[in-house]
Amino acid sequence: MTSSRNECLALDAADPLAPLRAQFDLPPGVIYLDGNSLGARPRAAAKRAQEVITAEWGVGLIRSWNDADWFALPRTLGDAMAPIIGAGKGEVVVTDTTSSNLFKVMAASLDAQRARAPQRKVIVSERSSFPTDLYILQGLTRLLDDGYSLRLIDLPEDLPNALDDDVAVVLLTHVNYRSGAMYDMNACTAEIHAAGALVVWDLCHSAGAVPVDLNGADADYAVGCTYKYLNGGPGAPAFVWVNKRLQDSFWQPLSGWWGHRQPFAMQTEYTPDDGIGRFLCGTQPIVSLALVQCGLDIFAQTSMEALRRKSLALTDLFIKLVEERCAEFPLTLVTPRDHAARGSQVSFEHPEGFAVIQALIARGVIGDYREPRIMRFGMTPLYTSFADVWDSVEILRDVLTTGSWDKPEFHRRGTVT
C-alpha cells in the first residue's frame with residue numbers, strides 16, 4: 001500500500017483514467033472531495049449552456065422544440081445514461097427531481113399492489129435513508145389515508161424480519177448517503193420479491209459511482225439524481241427507471257401533458273403514453289437538461305468497471321492514511337471496509353466534525369458534513385487523483401494537530417452544511 005506522496009504520483013502517472021481529469025474545470029488550489037454531493041463542472045458545460053441560450057433559444061426560439069430536438073431530451077438522455085445503471089433503451093427518462101420521481105414510482109408501485117394484493121399496505125424503508133425519501137413516504141401515506149403505514153428498519157440485517165404478508169413495497173437506498181454502505185442489490189431484490197413485495201431503489205449515491213445492474217437484479221423501479229457523480233450541474237434533473245415488464249401496466253398520479261400519448265392533440269382526457277414516457281409530467285427545463293449530456297459524454301469514454309477499480313483504490317488509500325497518520329485523534333471509520341459493501345465515499349465520525357470540515361475547506365480541501373458528527377469525503381475517479389488523497393490527509397492531520405479547527409468562524413453554520 002502506498003506510503004509516500006511520490007508513490008501516489010507514480011500511481012497517477014500509471015492511471016488510465018487520469019487524462020479524464022482534464023475534461024473538468026477544477027479551480028486551482030482546491031482538492032475536491034465532494035462529488036458525492038455536487039459533481040465538478042465538465043469543461044464542455046459552459047459552451048453547451050451558451051449554445052442553448054444564445055443559439056437554440058436566442059435564434060431558434062420556439063422552433064428549437066423541433067429543430068434542436070428539445071422535446072426528445074428526457075428520453076435521449078435516459079438512453080445515454082441507461083448503460084451506467086444496467087438499464088436498456090426506452091427504460092429511463094431524465095426529468096423532474098428525485099423527490100417528485102420517488103412520489104411517482106411509490107404511487108405506481110402501491111397501485112400495482114392494490115390491484116393484486118389489496119391487503120398489503122405497509123411500506124418498508126430505512127431509518128437512515130436520506131430524509132427526503134422518508135418525507136415523501138410520510139406524505140404519501142397521509143394522502144392515501146387508507147390504512148397505509150411506514151415500517152422503518154435500522155440495519156440492513158433487519159430487512160428479512162420486516163418482510164411479512166402486509167408489505168407492499170420496499171424502498172432502499174443502494175448506497176447510504178451518510179456512511180457509504182452499499183446493499184447487495186441482487187440478493188435484496190430477490191428476497192423482497194420472494195416475500196411478495198415490490199422494490200424501489202434510490203440510486204442517488206451509486207449512479208456513476210459504482211456498477212449498477214437494474215435489469216440483472218430484476219428490480220422494479222429506481223430513481224436517482226444527475227448532479228452528484230454524473231456531474232449534471234446544481235439542481236440538474238433527476239431520472240426514473242421502470243422495469244420493462246411493468247411499464248405499460250402502471251399508473252402514476254402526476255399525469256401531466258408531457259406524459260400524454262398525444263400531448264399536442266390537446267385532448268380533454270388523459271391517455272398515458274406507452275412505456276417510460278408516461279413518467280414525464282410537465283414542460284422540461286431545457287438548459288439544465290442539456291448540461292446533463294456533458295457529464296454523460298465523459299462516462300462514455302470509460303467503463304463503470306474501470307471507475308470502480310480506481311474508486312476502491314482511492315478509498316482504500318484514504319482509509320489507510322487517515323488511520324495511520326491521524327491515529328491519535330478521535331476519528332471513527334463509519335464506512336465499511338468490505339469492498340462489496342462500500343460505495344465511493346469515506347465517512348469518519350469526529351466529535352467536532354462540522355468545525356473540522358470547515359477548517360479543511362478553508363485550507364482548500366472540500367469535503368462535507370452530515371449529522372451527527374459525520375465528515376464525508378467523496379472519491380470521484382473521473383477527477384480525483386491519488387496525490388489528492390495524500391495531500392488531503394496531510395492537511396487533515398495538520399488541522400487536527402494544530403487544533404486550527406477550533407476557531408469561532410469554523411463553528412458558525414450557514415443554511416447549507
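A pocket is taken here as an open set of grid points with protein on both sides within 12 Å along at least five of seven lines. The structure examined is a predicted model, and its open spaces make a good place to start.

With that definition, the second largest pocket has a volume of about 310 Å³. Its lining is made up of 21 residues, and those nearest the centre are Thr98, Phe130, Thr132, Tyr227 and Lys228. Two helices contribute at least two residues each to this lining, namely α5 (98-116) and α6 (131-144). By class, the lining of the second largest pocket comprises seven nonpolar, eight polar and six charged residues.

The largest pocket holds about 380 Å³ of space. Among its 21 lining residues, Ser128, Pro156, Asn176, Ser179 and Ala181 are the closest to the centre. Here the lining divides into ten nonpolar, four polar and seven charged residues.

Enclosed space can be described as well. Searching the whole structure yields one cavity of 30 Å³ or more, and the largest cavity contains about 40 Å³ of space. Around this cavity stand Arg21, Leu26, Val30, Ile31 and Tyr32, together with Tyr383 and Asp388. Five residues of the cavity lining are nonpolar and two are charged, while no polar residue takes part.

Attention now turns to the strands, beginning with β5. Strand β5 covers residues 167-173, and seven of its seven residues are buried. On one hand, β5 pairs in the parallel sense with strand β3 (residues 122-126) over three bridges; within this pairing, Val124 stands opposite Val170 of β5. On the other hand, β5 also pairs with β6, again in the parallel sense, over five bridges. Leu172 is found opposite Trp201 of β6.

The loop that leads into β6 offers a further point of interest. Ala195 sits in this loop, between α8 (185-194) and β6 (198-202). Apart from neighbours within four places in sequence, the contacts of Ala195 are with Arg120, Leu163 and Asp164. The C-alpha atom of Ala195 is also 7.2 Å from that of Asp165, although the two residues are 30 residues apart along the chain.

Elsewhere in the model, four strands make up an open sheet with antiparallel pairing, in the order β9-β10-β13-β12. Strands β9 (332-333) and β12 (368-370) occupy the edges and have a single partner strand each, so one side of each is left without a neighbour in the sheet. Between them in the strand order, β10 (residues 345-349) and β13 (residues 374-378) are joined in the antiparallel sense by five bridges. Gln345 has Gly378 of β13 as its bridge partner.

Two helices accompany this open sheet. Helix α11 (residues 304-325) packs on the sheet and touches β9, β10 and β13, with a direction that makes about 25° with that of β10. Helix α12 (residues 353-362) lies across β12 and β13, and runs at about 40° to β13.

Conventions: Residues are numbered from 1 along each chain as its sequence is written. This is a predicted model: local features need pLDDT of at least 70, side-chain atom pairs count only at pLDDT 80 or more; totals for chains, interfaces and linings use all residues. Side-chain values use heavy atoms; hydrogens and water are left out. On a 1 Å grid over the protein atoms alone, a cavity is a set of points where a 1.4 Å probe fits but cannot get out, and a pocket is an open set with protein on both sides within 12 Å along at least five of seven lines; lining residues have an atom within 4 Å of a point. Grid points are joined across faces, edges and corners, and a volume is the space filled by probe spheres set on the points. Ala, Val, Leu, Ile, Met, Phe, Trp, Tyr, Cys and Pro count as nonpolar, Asp, Glu, Lys and Arg as charged, and the others, Gly among them, as polar. Two strands pair if DSSP finds at least two bridges between them. Contact means heavy atoms within 4.5 Å. Axes are lines fitted to C-alpha atoms, for helices over the stretch in contact, and angles run from 0 to 180 degrees between N-to-C directions. Buried means under 20% relative accessible area, exposed over 50%, partly exposed in between (1.4 Å probe, protein chains only).
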